Structure formats: C-alpha cells, structure tokens
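Visitor: I would like to go through some of the labels used for this model and ask what stands behind each one.
Guide: Then let us start with the model itself.

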Amino acid sequence: MLDDSQERIIQAAHRLAQGRLVAFPTETVYGLGADAENPQAVARIYAAKQRPANHPVIVHLSPDTDPAYWAASVPHQAHLLMAAFWPGPLTLILPRAAHIPDVVSGGQASIGLRCPAHPVAQAMLHVFASLKPHGYGGVAAPSANQFGHVSPTRADHVRAEFPLLDEQALMVLEGGESQVGIESTILDLSRLDQGVGPTLLRPGHISILQLAEILGDLPAQPDAAAPRVSGSLKAHYAPHTPVSLTNARTMSEWTHLISRLARQTGFDSGSVAPAAPPAARLAAVVLGAAPGMAPAGLDWVVLPDDPVAYAHRLYALLRDLDAAGYDRIVLQRPPVDPVWQGVNDRIARAAAAFPDTTA
C-alpha cells in the first residue's frame, strides 16, 4: 500500500483529537504524532520513545495553518523561508507563543515548526485542524522510533520499533517510502531580537547554501546558547550493529583497514575463500563502486555517489544490515562538502553511539 485511504486519515485525525498517538508518513521520515496542545498526549510520545523530557519535538502544521498562532513572533526571514521551502523538509525555530505548552519545547521558550510535503500528512493535519474549535491544529511529532535509533522510512519500520503497541494503541498510516530519507533541516530564528542571526542547528536535505540564497548570507553554526533541538545529541540515528567510519578509498587502504579490524574482531582477512567461515562478518558501505574483490567475510554495499540518492537509501539500508546479522558496518565517509552535510551529520552521530569501535 502506497498511501492510506481518506477514511483512515479521518480516523487518525479523530484519534489525535482524542489524545491518542498516530504514526504518519512525511517526506523526511515517519513521525510519531500527538496533539501539540495536549500535554498528556505529548507525554505519551516521550513514554513510547523513551525520550528524555528535555529533548524538544517538532510541531507539524498543515499548509493552510497560520504559524503566528504557534509563535510569539514570525520574523521577515521566516516568511521568506516558508515561501521558498514550505511545504518541505525545513524546521524553523521561533519564539514560542505563551499559550502553547512548553512540553513540545523541552521546557524552552522556543518552538520548532514544520509544514510537511507528504500528501497523507497534509490531509491528516487539515482534518485534525478542522476538529479544533479555533481551527489551528498542530501535531507534535519526532521520528517514530525508539530514542536514538535509526529513524523509520517505511510503515513496517514503525511497527518493528513498537512491537508491543497494537493498532488500538498506535495507529500507523501508510504512505510508502519516505522520499528524502533523513530528518529536516533545522534553522534557529528565535534569537533575532537578541542580535543572534539565523543559526543552522541541524543540516538536512535543504543545504546551508540553499538557505543562504534566501537569507542573503550563510547561517551561523550552533553556539553554546542555541536552543536544544531534535537530533542534536552527539550519538543518534544508530543501528544496533556497531558502526565505524573510514576514509579508505583504494583497495590497498581497505586491505590495511580490514587487517586492523581483524585484530579487533577476529575477522579472518587472510584468504579470499577460506575453508571455514570467518569469525566475523563486516559490511563495507562505499560510494559509487566497489574498489575490488572483497575478502571472505566482508561484503561491499554500494550506495550512490550523490547526496540526495544516498540520503534516501541510508536509513533503510542500516536497518537491512542490522537484520542481516553483520558484526560491524563500516561506512566510507562522503566528501566534506555542503551538499553532503546532512548525510555526514547523520553517519557521524550513528558512529558516535559506538565510541569503542575504530576503523
């Protein structure tokens, strides 16, 4: 099933209005949603994900909702960015309106707002807003996975994350595979009145260069006083299988790397086809093409040498490699380039979850 029926979308909106949880597709990843104005409902998100209470969530809005209901102020820069990138994978951090519960902000005075582009998400948000007396419905939704794990890009990923929650406890809307595949870009505009300009808090599909085209200047990098936002912890987006990063490109560099890994894992790299199975299985994720014949026990996994296509496939691949039973995943680092910033951010945080592994 690619997209869910209008009947189920309406049912999901009513469940949200009742304070219940709904997982839904967006163009980035699947979200675990609750009524953003219902603190008890939002608390159910944190409990289901085992998410720290001070870690903010993002409020998702339909295209016909006025962001000014949610934000104490909406600066000119925000309007320019909304016109350029909404609906789409851009979250704006703005000063939170006083009547909006701070549970969505992890207790902070700011709020993250996004308008997703996926038609199922938009339809659900539109119906949900119509059920509100004031007509302004927002759905608080982090990624629909256990905290710190790889975000889901398909409905079956969501169900695998919450096996103890049946359809009554967690309705999951179908929307096919997420098009973007990594979480939204997050830009802070909440401190403009303090003299702090636009600040890039999380890179994503919309690059820093694209933001600069609209803003007229490059956004700043995060500072110590920047608001906490989703996905900003050093270790995040991690599979269960240990992840390492490497700069290896040539076959000789990979051979040297595999030799070092052998001493750590017991992996037998001495023969292309040993008589006995190797002691460990490694997956080496490379860009564009495999560098040569892989030693026994190591499998090349090729991803496109293109940041958009790579991001689209990354999370689903990590889940597949988890399920395949590898002992380690070694990711070849992409180029250090603004267009790869979102991907490099995600794989660096995934590897940081395994500080005792090196490559």
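Guide: A term first: helix pairs at angles under 35 degrees count as roughly parallel, over 145 as roughly antiparallel, 65 to 115 as roughly perpendicular and the rest as oblique. The model is predicted.

Visitor: Why are α1 and α4 called oblique to each other?
Guide: Helix α1 (residues 6-17) and helix α4 (residues 119-130) pack at an angle of about 50°, with their axes 8 Å apart. That angle falls in none of the three named ranges, so the pair is oblique. The crossing of α1 past α4 is right-handed.

Visitor: Which residues make the contact between α1 and α4?
Guide: On the α1 side they are Gln6, Ile9, Ile10, Ala12, Ala13, Leu16 and Ala17, and on the α4 side Val120, Ala123, Met124, Val127 and Phe128. By class, this contact of α1 with α4 has eleven nonpolar residues, one polar and no charged.

Visitor: What makes α3 and α6 oblique?
Guide: Helix α3 (residues 76-85) and helix α6 (residues 208-215) pack at about 125°, with axes 10 Å apart. The range for roughly perpendicular ends at 115 and roughly antiparallel needs over 145, so α3 and α6 are oblique. The crossing of α3 and α6 is right-handed. In α3, Gln77, Leu80, Leu81, Ala84 and Phe85 meet Gln210, Leu211, Ile214 and Leu215 of α6. Seven residues of this contact are nonpolar, two are polar and none is charged.

Visitor: What makes a space a cavity here, and how many are there of 30 Å³ or more?
Guide: A cavity is a set of points where a 1.4 Å probe fits but cannot get out. By this rule there are three cavities of 30 Å³ or more. The largest cavity holds about 230 Å³ of space. It is lined by 25 residues, and Val29, Pro142, Ser143, Glu183 and Arg202 are the closest to its centre. The lining of the largest cavity divides into seven nonpolar, 13 polar and five charged residues.

Visitor: What is the volume of the second largest cavity?
Guide: The second largest cavity has a volume of about 70 Å³. Its lining has 13 residues, with Pro56, Val57, Ile93, Gly112 and Arg228 the closest to the centre. Strand β5 (residues 110-114) gives the most to that lining, with three residues. By class, the lining of the second largest cavity has seven nonpolar, five polar and one charged.

Visitor: Which residues are closest to the centre of the largest pocket?
Guide: The largest pocket contains about 160 Å³ of space. Among its 13 lining residues, the closest to the centre are Gly204, His205, Pro307, Val308 and Val339. Two elements, α8 (307-323) and α9 (341-352), give two or more residues to this lining.

Visitor: What makes the peptide bond between Trp86 and Pro87 worth a remark?
Guide: The bond that joins Trp86 and Pro87 is cis, with omega about -10°. Most peptide bonds are trans. Pro87 is in the loop between α3 and β4 (90-95).

Visitor: What is the phi of Gln50?
Guide: Phi of Gln50 is near 55°, a positive value in a residue other than glycine. Most residues other than glycine have a negative phi. Gln50 lies in the loop between α2 (39-49) and β3 (58-60).

Methods
Residues are numbered from 1 along each chain as its sequence is written. This is a predicted model: local features need pLDDT of at least 70, side-chain atom pairs count only at pLDDT 80 or more; totals for chains, interfaces and linings use all residues. Side-chain values use heavy atoms; hydrogens and water are left out. Axes are lines fitted to C-alpha atoms, for helices over the stretch in contact, and angles run from 0 to 180 degrees between N-to-C directions. Helices (H or I, at least four residues) and strands (E, at least two) are DSSP runs, numbered from the N terminus. A crossing is left-handed if the near helix is turned anticlockwise from the far one by less than a right angle, and right-handed if clockwise. Contact means heavy atoms within 4.5 Å. Ala, Val, Leu, Ile, Met, Phe, Trp, Tyr, Cys and Pro count as nonpolar, Asp, Glu, Lys and Arg as charged, and the others, Gly among them, as polar. On a 1 Å grid over the protein atoms alone, a cavity is a set of points where a 1.4 Å probe fits but cannot get out, and a pocket is an open set with protein on both sides within 12 Å along at least five of seven lines; lining residues have an atom within 4 Å of a point. Grid points are joined across faces, edges and corners, and a volume is the space filled by probe spheres set on the points.
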